[in-house]
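User: Please introduce me to the structure shown here, beginning with the terms needed to read its contacts.

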Amino acid sequence: MRLDRFLADCGLGTRSEVKKMIKSGAVAVNGKTITKAEVHVDADSDTVTAFGTEVEYRKFVYLMLNKPQGYISATRDGRTPTVMELVPEEYLHFEPFPVGRLDIDTEGFLLITNDGDLAHRLLSPKKHIPKTYVARIQKPVTERDIKAFREGVVLDDGYKTLPAELKGFEDKNGFWAEIVIHEGKFHQVKRMFEAVSNKVLYLKRTKMNKLALEEELELGEVRELTDEELALLVPEK
Ligand code: URA
């Protein structure tokens, strides 16, 4: 790829800013100063430095956000804060976006990336990627609910969901459920509980595919995924 694209992709500036940087003699490829922006570099084998510091090429960024309530899963909105306001400045030049939607009052694992192909594969209705949620609910889970979820429940618009796994438990704070769904209809978890005459009072996504939300990640915190974590997230072909 062209040297100016390489540097711009790495976040060193806009295309015209990095062109100026190259022209000024601040950039070297394999130890040799290059002043022409159109010079071709190989991201895998060439060593590029800017002002003497090595620039490591990367095209994609993968971030785990523990989404707090009060933020919408969008890149832009007029008034309501968006999850992008929680993403540290250093990642913004990658132009990342949230993958899928969590409701404004839902917490938990939201992937933010600029890898459109991965986003597409995670969201594709054909892939049936499992998503795990923990919900505090109004009434305890019954055997009947478990069976109904396993068979698929009919939502308020007549849509019958794919089979979902449901478990119930209880603590001093009330009745809880863990649910694994394999699709992502609008307000799906809330509507599934409504279909069995129950109500979600609090909802948190704890897992996407095989990757769990890191328990130590505070609400509103963002961090990059490790390669091992990314492998747990990427759907099998
Ligand atoms: N299901 C819901 O009802 N809400 C969410 O935010 C995610 C899944």
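Analyst: A polar contact is a pair of N or O atoms within 3.5 Å. The model is predicted, with local features requiring pLDDT of at least 70 and side-chain atom pairs pLDDT 80 or more, whereas totals for chains, interfaces and linings use all residues. Residues are numbered from 1 along each chain as its sequence is written, and side-chain values use heavy atoms, leaving out hydrogens and water.

User: Which residue has a polar side-chain atom 2.7 Å from a nitrogen atom of the ligand?

Analyst: Q188 places a backbone N or O atom 3.5 Å from an oxygen atom of the ligand, and K190 does so at 3.1 Å. The polar side-chain atom 2.7 Å from a ligand nitrogen belongs to D103.

User: How much of the ligand's accessible area does the protein cover?

Analyst: Besides D103, with its side-chain atom 2.7 Å from a ligand nitrogen, the surrounding residues include L102, T106, Y133, H187 and L203 (a heavy atom within 4 Å). On its own, the ligand has 240 Å² of accessible area (Shrake-Rupley method, 1.4 Å probe). The protein covers 96%.

User: Which helix gives the most residues to the shell around the ligand?

Analyst: By class, this shell has four nonpolar, three polar and two charged residues. Three residues of the shell come from one helix, spanning residues 188-195. That helix is α5.

User: What is the volume of the pocket in which the ligand sits?

Analyst: The ligand sits in the largest pocket. Its lining has 33 residues, with R101, Y133, G184, K185 and F186 nearest the centre. By class, the lining divides into 17 nonpolar, nine polar and seven charged residues. The largest pocket has a volume of about 610 Å³.

User: How many residues lining the second largest pocket are charged?

Analyst: The second largest pocket has a volume of about 180 Å³. Its lining consists of R5, A8, D9, R58, K59, H93, F94, E95 and N114. Two of these residues are nonpolar and two are polar, while the number of charged residues is five.

Methods: Polar contact = N/O pair within 3.5 Å; in protein donor to acceptor, adjacent residues only side chain to side chain. 1 Å grid on protein atoms, 1.4 Å probe; cavity = no way out; pocket = protein on both sides within 12 Å on 5 of 7 lines; lining within 4 Å. Sits in = over half its atoms within 2 Å of the grid points. Helix = DSSP H or I, 4+ residues; strand = E, 2+ residues; numbered from the N terminus. Nonpolar A, V, L, I, M, F, W, Y, C, P; charged D, E, K, R; others polar. Points joined across faces, edges and corners; volume = space filled by probe spheres on them.
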